[in-house]
Structure formats: structure tokens, C-alpha cells
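Here are my notes from going through this one. Have a look at the model first, then see the points below.

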Amino acid sequence: QVQLVESGGGLVQAGDSLRLSCAASGRTFSSYAMGWFRQAPGKEREFVAAVSATGIITKYTDSAKDRFTISRDNAKNTVYLQMNGLKPEDTAIYLCARSRTPTGVTGPYDYWGQGTQVTVSS
């Protein structure tokens, strides 16, 4: 029913910036909170950031709070993750996901994209 496609990942140096995009299918994108997660090799998936359906409420993990910004453009069915001051520890596959409710920035999430690779070299 719902398709999520991430893009914008790549290989960058420490201190660089990247802007990830997640394009969603369907006409009800604006009705759901959206989140970004990441998974590094050998590690569990971890929460990065989330935004409510209206874009007013946001939530970040501590490591991303001062460097990353999540936003959305409901007219384009797209959610973004602006990442500044990237560090090697940010290296991971980044996935976007759809929450089950308009304000559910803490989840649960029911649809997931395939992910886009972010690699930060030192």
C-alpha cells in the first residue's frame, strides 16, 4: 500500500553535510508522522528523528539533536533529514518509516523504506 524510497546518501568526509529525502507514495502522506532510523553494521536499528504529520512536533535522539533537522513537505509527499557536521559514527544505512498516527513520533511505525547508505570518513 505504502512505498517509501530514500535518497541522498553518499560518501562524505567528517564535518560535511548531507540532505536525505524520503519520497512516499499515496495521497494520505500528510496524515502520518514520519521518522528516520539508522542501522550500522553489527548494530541494532536506532531512532534518529521524527516529525508529526503537520510538521510542528519533532523528536531527535541526543546524538542528532544539535546537528540534524527533520522536516517535511506534504505537498511533495517527502520527508527530509538535513545532516550537518557529520561524524564517522554517523555511518549507517538510513531508513525512513511511517508512523501509525498523525502525532506518533515515538511510534509504532508500520511501513519502512529500503534505506540509503551514509558513509562518513575521517
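The points below cover a sheet and a disulfide.

1. Before anything else, keep in mind that this is a predicted model.

2. Start with the sheet. Four strands make it up, running in the order β1-β3-β8-β7. The sheet is open, and its pairing is antiparallel. If you're looking for the edges, they are β1 (4-7) and β7 (68-73), each of which pairs on one side only. From one strand to the next, the twist averages 15 degrees.

3. Now for β3 and β8. Strand β3 covers residues 18-24 and strand β8 covers residues 78-83. These two pair in the antiparallel sense, over six bridges. To find your way along the pair, take Ser21: its bridge partner in β8 is Tyr80.

4. How many disulfides does the structure hold? Just one, and Cys22 and Cys96 are the residues it joins, with an S to S distance of 1.9 Å. Cys22 sits in strand β3, while Cys96 belongs to strand β9 (residues 92-99). The two cysteines are 74 residues apart, so to speak a link between distant parts of the chain.

5. A word on the geometry of that link. The angle about the S-S bond is 45 degrees, and the link of Cys22 and Cys96 is right-handed.

6. Are Cys22 and Cys96 buried or exposed? Both are buried. Strand β3 is worth a second look here, as it holds Cys22 and also pairs with β8 in the sheet.

Key: Residues numbered from 1 in each chain as written. Predicted model: local features only at pLDDT ≥ 70, side-chain atom pairs only at ≥ 80, totals over all residues. Heavy atoms only, no water. Pairing = 2+ DSSP bridges. Axes fitted to C-alpha atoms, helices over the stretch in contact; angles between N-to-C directions. Disulfide = S-S within 2.5 Å. Buried < 20%, exposed > 50% of the residue type's maximum accessible area, 1.4 Å probe, protein only.
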